[in-house]
Amino acid sequence: MITKQKGTYDVYGDLAKKRMYVNDVLNALCEKFNYGYIETPVFEASELFHRGVGDTSDIVTKETYDFKDRGERSITLRPEGTAGVVRWFVENKLYGNMTDPVKVYYNQKMYRYERPQSGRNREFTQWGFEMFGSDSVEADAEVISLAYNAYKLLGLDDVKIKLNSLGDTESRNNYREVLINYFRPRINELCEDCQNRLEKNPLRILDCKVDADSEIIKNAPKTIDYLNEESKKRFERLQELLDLMDIPFEVDTNLVRGLDYYNHTVFEVVLGDSYALGGGGRYNGLVETLGGPSVPGVGFAMGYDRTILAMEENEVHIPINDSIDLYILAVSDTEKETAAYLTQDLRLNGFIVETDLMNKGLKGQFKSVDRFNAKYLIVLNDEDLAKNEVVLKDNKTKEEERLSLTDIVDYLDTHM
Ligand code: HAM
């Protein structure tokens, strides 16, 4: 037997219904915020992620699915959505004549070669969105608002935003030096990964999972103490806006995020002490890094797996339809003919209708009525059909109504 790959899973049954519900809620919300839907390819040139996500990030160094295609090109399955969207933005020269921000959202499969565990898979879906062209702090607030309200609408009322600022390039470089000097004399007390990060990406030491409780990390210099005046003002202004918008947040000075492209605002959405349900931030240098002009960007992505797990753990009611509107029972050829066109007609009028496709007898079809949890049923019979009539039965109250074939839609419309 061929089985599925480690870290992948099939989506069907109740999980499929839950995901479709989450999809519908999120997509409708994005439309309200006036973001347009975008799909980008699953595979891209490896260089896009090396340059975009960053050569020193864990994602690129340890987690990408890289391969050579038959034309000997280096290809990578996308580990995240932002780099592909930036590639699209640059390739289509959407930066020309920007009078309003370009805003897009996506809902795509991502691939990371991680150690699978609950809420962490090798193939997973991210819902995310990106905004290009605005460097305003109000744009950061809008992105955080869209992220926060998505979780609220899904019934996760207790989510909180963890917020930090990495400052502009000057502040970030400054802080980087301070960190290297702080960690260097103590680096042997930290894990091997941290030792490798010292010169390449010292900010990542701050959110090391292995050494999270180490005093060395806890007492490390804080980003916000090294922001220049402008970056500091910007961060304070963002907090004022979030307060005004009633978005609960907590400044977490150790939050640096795992991708190299951020500056200024970084944030994650968390529930209690759990891992991040989503994360994002501002990336003003990324468009330029990927070959475009200097255009600011900001965005966010949510993992579906973790969000749905959190909904289940918090016993959020997820509406799952487990019933049908009508089951049409038919045995003879004429009954089956009527069932065929009536089923189509009623389905096109908006009802969920089933009929027998297994040549079962009436007894077997009544069992299907129960299995499908049908609200109404019609037992077709040749005698009634000769008069163009049917008897519609309410499966709960057992009340019956004799109707002409042409009146079924109206009757169901007024009674459902
Ligand atoms: P990220 O923090 O790497 O950011 O991923 C965002 C979210 O994707 C995570 O918070 C988590 O919910 C989910 N996720 C990540 N890895 C896995 C996994 N292996 N299994 C299941 N879920 C996972 C980004 O990807 C950025 N592109 C976000 C962004 C958009 N920043 C700006 N714009």
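Two strands count as paired here if DSSP finds at least two bridges between them. The model is predicted, and one strand pair in it shows the rule at work. β2 and β4 (residues 74–77) run antiparallel and are joined by three bridges. Three bridges satisfy the cut-off of at least two, so β2 and β4 pair. One contact can be named: Ala45 has Ile75 of β4 as its bridge partner.

Now widen the view to the sheet. Strands of a sheet pair through backbone hydrogen bonds, either parallel or antiparallel. This open sheet has three strands, in the order β2-β4-β3, with antiparallel pairing. β2 (43–45) and β3 (65–68) are the edge strands, each pairing on one side only. From one strand to the next, the twist averages 35°.

Turn next to the ligand. Its shell holds 27 residues, and the closest are Glu80, Glu114, Asn121, Glu130 and Tyr262. By type, the shell residues divide into nine nonpolar, 10 polar and eight charged. Several elements contribute. β6 (123–132), β10 (278–282), β11 (297–303) and α11 (304–313) each supply at least two residues of this shell.

Which atoms of Asn121, Gln126 and Phe300 face the ligand at polar-contact distance? For Asn121, a backbone N or O atom lies 2.8 Å from a ligand nitrogen. Phe300 also uses a polar backbone atom, 3.1 Å from a nitrogen atom of the ligand. Gln126 uses its side chain: a polar atom there lies 3.0 Å from a ligand oxygen. As for cover, the ligand taken alone exposes 660 Å², and the protein buries 96% of that.

Technical notes
Residues are numbered from 1 along each chain as its sequence is written. This is a predicted model: local features need pLDDT of at least 70, side-chain atom pairs count only at pLDDT 80 or more; totals for chains, interfaces and linings use all residues. Side-chain values use heavy atoms; hydrogens and water are left out. A residue is near a molecule or strand if one of its heavy atoms lies within 4 Å of it. A polar contact is a pair of N or O atoms within 3.5 Å; within protein, one must be able to donate a hydrogen and the other to accept it, and residues adjacent in sequence count only if both atoms are side-chain atoms. Accessible areas come from the Shrake-Rupley method with a 1.4 Å probe; for residues, only the protein chains shown count as cover. Helices (H or I, at least four residues) and strands (E, at least two) are DSSP runs, numbered from the N terminus. Ala, Val, Leu, Ile, Met, Phe, Trp, Tyr, Cys and Pro count as nonpolar, Asp, Glu, Lys and Arg as charged, and the others, Gly among them, as polar. Axes are lines fitted to C-alpha atoms, for helices over the stretch in contact, and angles run from 0 to 180 degrees between N-to-C directions.
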